Amino acid sequence: MTDDDSRWPKTHGCGPLLLGVRHHGPGSARAVRTALDAARPAAVLIEGPLEADTLIPLAADPDLRPPVALLAHAVDEPGRSAFWPFAEFSPEWVAIRWALEHGVPAHFIDLPAAHTLAWEEKEKKGEALPGPGPSTRPGAGPDADDGRGTGEQVRVDPLAVLAETAGYDDPERWWEDVVEHRGPGERDPFAPFAALEEAMGALRERYGAGGHSRDLVREAHMRLRLRTARKEFGDGVAVVCGAWHVPALREKTTVTADRSLLKGLPKVKTDLTWVPWTHRRLARSSGYGAGIDSPGWYGHLFHAPDRPVERWLTKVARLLREEDRIVSSAHVIEAVRLAETLAALRGRPLPGLGETTDAVRAVMGDGSDVPLALVHDRLVVGDALGEVPESAPAVPLQRDLARQQRSLRLKPEALERELELDLRGDTDAGRSRLLHRLRLLGVGWGEPARSRGSTGTFRETWRLRWEPELSLRVAEAGVWGTTVLGAAQARAEADATAAGTLADVTALAEQCLLAGLPDALPVVMRVLADRAALDADVGHLAQALPALVRSLRYGDVRGTDTGALAGVAAGLAERIFVGLPPACTALDTDAAAEMRAHVDAVHTAVSLLTETLAAAGAGAGGSAGPGAGAHAGAGAGDPGRPAAGAGAAGDPNAGAGPGAGGCAGGGAGGGAVAHAGRGDLRDRWRAVLRALSSRDSVPGVLRGRAVRLLLDDGEVGPDEAARLMGLALSPGTPPADAAAWIEGFVGGTGGLLLVHDERLLGLVDSWLTGVSAEAFTDVLPLLRRTFAAYEPGVRRTLGELVRRGPGERKAGRAAQRAMTPGFAAEPDTERSDAVLPVLRLLLGLADPTDRDAAQRRAAERETAERDAAERETARRSSAECAPDRPDPTGREPTAREMSETGIFGTGIRETGIHEKGRVEAGTARPNAAERAGCPTTACPTTACPTIRCHRTACGTTRCDMSGCGTSGRGTAEDNSLAGVGA
């Protein structure tokens, strides 16, 4: 610092420059930059963990892009951690960047993270703490002041107190008006800090530490670091810290007093690094105590060079257009005007977030809050995700993950998105394995979702979203290995050993297949075989089987060997067949409902397992070996004994005997598959279902479900199903048991069964109408739960069928049996007439019911027929005269040429001009030439009935009618016959 290029503030005389700020405030960030440019300090001290000094130079790396955070975690226990976030508009980040750009030393002066993490751990355990008894929220960093205290003093929010004093009910609005919209001091760049220091001093005098008891220890450490810096750089030191701490740093204390506060602090070995952060995690709604309500809005205010309101509303309009909402430039102009008008009415210097939000709601959202939710999520809060360079410190697992993310082109993003994977491709298969391995390690970057386009096993859908905490999860998972593959394998083996239930082990086996961990699978399978042999609970076996059978499908797509899984799955199925019937007796309502879910899952699993074993039957039989069938597991039974499945299923006293264990024990890989090959698993499962359907000791919901599954498989015909339903709904059956049977039989998707089989519907209807009033009250909730699960259309159809009554339903069924399926007895004329207009339009046909159109069509046909007849007559006449009068050109003569050359004759109308030769209209008089066999034609004059010969020397009659221009050399006889002359 020199006197020529700086204006050191003289407000407090000599001493350090204390710049009190609000964390993550863009107005404070601009003011800090202006003050540092004016003061040109020799060193910059920043509120932050002391150990992070070595990470400050990384802020000059262009690949380190905010928002980022300093992550401190215990070396021995990575889960113990704290974050110090920074955004581009954070005053601390601006100070760091200014110091690096100007070559000025920068140091953090807050309490070391080693003390912070150890202190939080002791607070969790309730141990006595040294000093004034600090209290803070664990895991949120030292600035996580959330306004709650554990001491006697109530924690104070300084901004809330100042806003209330100024007459504001919203601290954020007060801060915007006083700081954000005012900008840095134009004449005195230090004036805003002096005013804020004075206000905080008054609050500290009134409230003391304000319930922030740890702040006393932190401020003591800051004062010690400040003294050290002043010894090295003199008074030319600038301190950027929270405004709440400025009065304490200005306070005159002794070194001994400060050190006494730090004496005996707990300590733990820590590591620090930079990690990506998000705007969403900067928001106060995420639980971050020092957070802000609108990080996206604050980022906009910090970066906008001018006209922030116009630029903000332009962003809003662009976002709404991307969501297919109609927003024009006129909307933006009108919204700007409305926001400015609201700000003037409310007495604000500039429109704030509240005014712009109201303007968007009124102008662009048509008064709806629906677009506002989108604007708040995408813009007001935002999904900005920071980036960290490779040179930043990181655990080896984090580096391996970053390498795989680059090779698989799978970039972390803060915005949630769906990713469709086709496992037949190498890249997508690698992505799937990586995501499954991370889930196994507890790094929930992606969550599986239901595929919309396909149900094949070669397709996967993931929902991805990177959260800052995942960096901590990666650090925690680093204890399992230095690579993602090695760490996932070690974690899978450890989880298999520590698994509590058989279902957990089978789920882990499925995860190993999905994640591509072949080296971990043998350990998991060994644990699975041991647990399956020792676990006699049929419910546990039923829970384990579906996941195990699902895993069999992944071998085809991922190239994983699932032979061992097939053997264990077959052994589990055998044990379920033996133990299920006894396990289904004497169950209460809740246990019966749970067992019904197990029965459904096992039914699906057995179908898939049967197909898998049938496809691999030859290979499994050859690999089983001669001793496979006799190999015993944990039990001492003989799995080679005949048919444990079907026979035991039909035996009421059958149970999970000692021989059952051998099927899933050490010899499961061969003996179970060979045993399954001697009989169809599906047949034995159907025998189990038959046993369940016929036992009175089995709850009704299970008996009804067994009958329904047999009916769906075609093992039981409709007549047999109706007979069993009739027995279950007989008057001797208690109404509650009958209602449970109905729930099991038609529950879920059984509504369509009642729609298409009215015989079953009639049985339910007859039973229900016969239930007494007292019993009806008891069974009504159960029936309502059953029928409420149907689709609305199914319920509506059933209601219509019930409304018809049994008589009409029987008549309808008789009519259906008498006619061809799919057709009614008589055609439905109303429905057919409804489509006729469309058919006429498509085929170009006219409507026969239109009388005017019919008359027009008749006239048009008559005219067309007459024209055709005339053309045909002319054609014949030309053909007959052609030999006598050939045309050298070879063309047909026209009607005019024929008239001018005398080809056409003349005629006489019925006009009464002559008393002689009067003829009927339209009739022709013969002449001499005609009597001699001369072919003649009619006169072209309308209604002229005379005839004229076409031969050259033939005399013709002459037309006496006015307007007929024909003439000829008729003989006296001809003329006399024609009535020409006297």
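I take contact to mean heavy atoms within 4.5 Å. The model I am reading is predicted.

**Entry 1: T506**

I looked up T506 and found it in helix α20, residues 502–515. I then asked whether T506 is buried or exposed. Its relative accessibility is 0%, so T506 counts as buried, the cut-off for buried being under 20%. Next I listed what T506 touches, setting aside its neighbours within four places in sequence. The contacts are L528, A544 and A547.

**Entry 2: helix α15**

I checked the length of helix α15, which runs over residues 370–381. Its 12 residues, at 1.5 Å a residue, should span 16 Å. The C-alpha atoms at its ends are 16 Å apart, so the span agrees with the expected value.

Which residues of α15 are buried? I noted P371, L372, V375, L379, V380 and V381. I also looked for what covers these buried residues. The cover includes α10 (279–282) and α11 (295–303), and also α12 (308–322) and α14 (353–364). Just after α15 I came to G382, which has a positive phi of about 90°.

**Entry 3: the whole chain**

I counted secondary structure for the protein chain and got 42 helices and 12 strands. The chain has 982 residues, and 47% of them are buried. For contacts with a separation of 6 or more, I found that 73% are between residues 24 or more positions apart. Last, I noted the surface: the protein chain exposes about 47600 Å², and carbon and sulfur atoms supply 52% of that area.

Definitions and conventions. Residues numbered from 1 in each chain as written. Predicted model: local features only at pLDDT ≥ 70, side-chain atom pairs only at ≥ 80, totals over all residues. Heavy atoms only, no water. Helix = DSSP H or I, 4+ residues; strand = E, 2+ residues; numbered from the N terminus. Buried < 20%, exposed > 50% of the residue type's maximum accessible area, 1.4 Å probe, protein only. Areas by Shrake-Rupley, 256 points an atom, 1.4 Å probe, with all protein chains shown as cover. Expected span 1.5 Å × (residues − 1).
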